[in-house]
Amino acid sequence: MAQLWGGRFTKETDKLVYNFNASISFDQKFYEQDIRGSKAHVAMLARQGILTQEEKEQIEQGLDGILEDVKSGKLAITSEYEDIHSFVEANLIDRIGDTGKKLHTGRSRNDQVALDMKLYIRDEIDETDELVKNLQQALLKIMEENIYTYMPGFTHMQKAQPVTLAHHVGAYFEMFIRDRSRLSDIRKRMNTCPLGAGALAGTTYPLDREYTASLLGFDGPSGNSMDSVSDRDYVIEFLSALSTIMMHLSRFCEEIITWNSNEYRFVEIDDAYSTGSSIMPQKKNPDIAELVRGKTGRVYGALMSILTTMKGIPLAYNKDMQEDKELTFDAIDTVKGCLALFTGMVSTMQFNKENMEASARNGFTNATDAADYLVNHGVPFRDAHGIVGQLVLTCIDKGISLDELPLEEYQKISPVFEQDIYDAISMKTCVEKRVTAGAPGPEAMKKTIDSYRRYLQGNETGK
């Protein structure tokens, strides 16, 4: 069992205790970050005269060799090592001898793992942001192609007013703008370097923490050595942002599942993102949408787990904090997978435009516009509201839409109605006259789409 701390102990650690304590099975994900941090640390030690230039070069070559061999599969990360730090250091000593023992000068595993986690989360923020951006590009394409695709807008799951598919999808585009903004905020806020904090109280070696931070792309060193090793706020914030992304994906999936139902038939999901039934040959199930919806709870669980773990931990580092990794890694992998699959699904999905428009007409989504017609002819809105309610009841009784109701029926309830009522309540008119910023009207929507294009061309996540 490769351990870095055996000098104090006279009795070998019980195997069960060792396995319970070890983290190599999951923190091996950090091997690149651990080596990157070690190289920066060694460069700083040499610059400060704590290591010679020759020692620096020897250690760097050894670390590069370990990195190359792990990547190629020549060197396996095995359970004989307690953690990734032990693995790297032990293999370095095997390769270059006693000089490798100087690698850990001026640092602790506490600031080392804090650095590894920050480097890893920072990398994953960038990758997640790119996946959300890819999804936004797919949504923008749908919007560009569906400015005039009419469909019902809903409140309370009831058909409310006519909108367009571009407008509906644009609502999700906005959600993902906020998601990327959150990722950017987290990246900026977490971008301080914990290396040099030591176990909790810094070190007596003359380290240049600013130099180490600059080598690793941080804005500067973290401000308090105790907080440096015990801070996992950025993990909590990232998991919170991932949970919000999953919530948005899940809402969209719920709608796609509804749209895919026999009753609506708004969409046709590509065969590559559907499955059939083992017993019912007619079925085409929206499995990807259902799985994304289901996996949302898994990501929420990771957030609640780390919040619960951290709530009772006194300063500074405690072993409880090792629990920040497994569920975080799983949540990140889950969200990245869901984003990639969801993007593929919506990119290949076909929209049944005629069904969408028919659903809007048959759901009395133009009732508000009929009331507005009366208001524009001098009828008080409250009276107009009651008149149109009576018209809707008449249509329900006859099994027709407002568009199909004869003019004489309109005039039985209010003589104000004229032939132009049909143009006033057409889907085209209902949508096109909504011209305020953010509305579904084509002129407003074209401006929105232009702004989204500019956003995608220029927006990055605080890199």
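**Close-up 1. Strands E1 and E2 pair up as an antiparallel hairpin.** In this predicted model, E1 covers residues 150-155 and E2 covers residues 158-164, and the two are joined by 6 bridges. Look across from Gly153 and you'll find Gln161 in E2. The hairpin has 2 residues between its strands. His156 sits in that turn, with a positive phi of about 55°. As a reading aid for the side chains here, those in a regular strand alternate between the two faces of the sheet.

**Close-up 2. Asp64 and Lys39 reach across from two helices to make a salt bridge.** Their side chains meet at 2.7 Å, N to O. The pair ties together distant parts of the chain, with Asp64 in helix H4 (residues 53-72) and Lys39 in helix H3 (residues 31-47), 25 residues apart. Are these two buried or partly exposed? Asp64 is partly exposed, with a relative accessible area of 33%, and Lys39 is partly exposed too, at 27%. This is one of the 32 salt bridges that turn up in a search of the whole structure.

**Close-up 3. Lys428 and Glu432 form a salt bridge within helix H18.** Here the closest N and O atoms are 3.1 Å apart. H18 runs over residues 427-432, and because the partners are 4 residues apart in this helix, about one helical turn separates them. Lys428 counts as partly exposed because its relative accessibility is 46%. Glu432, at 26%, is partly exposed as well.

**Close-up 4. Arg453 and Asp450 form a salt bridge in helix H19.** The closest N and O atoms of this pair are 2.5 Å apart. The helix spans residues 442-458, and the two residues are 3 apart in it, so they too are separated by about one helical turn. Arg453 has 33% relative accessibility, so it counts as partly exposed; Asp450 is partly exposed at 35%. Elsewhere, salt bridges that share partners join Glu82, Asp83 and Arg109 into one network.

**Close-up 5. Leu200, Met226 and Leu315 make a nonpolar surface patch.** The patch comes to about 260 Å². Where does Met226 sit? Its place is in helix H9, which takes in residues 225-230. Met226 counts as partly exposed because its relative accessibility is 32%. Residues need over 30% relative accessible area to join a patch, so Met226, at 32%, clears that cut-off.

Definitions and conventions:
Residues numbered from 1 in each chain as written. Predicted model: local features only at pLDDT ≥ 70, side-chain atom pairs only at ≥ 80, totals over all residues. Heavy atoms only, no water. Patch = residues over 30% accessible without salt bridge, like charges linked within 9 Å, V, L, I, M, F, W, Y side chains within 5 Å. Areas by Shrake-Rupley, 256 points an atom, 1.4 Å probe, with all protein chains shown as cover. Salt bridge = Lys/Arg side-chain N within 4 Å of Asp/Glu carboxyl O. Buried < 20%, exposed > 50% of the residue type's maximum accessible area, 1.4 Å probe, protein only. Pairing = 2+ DSSP bridges.
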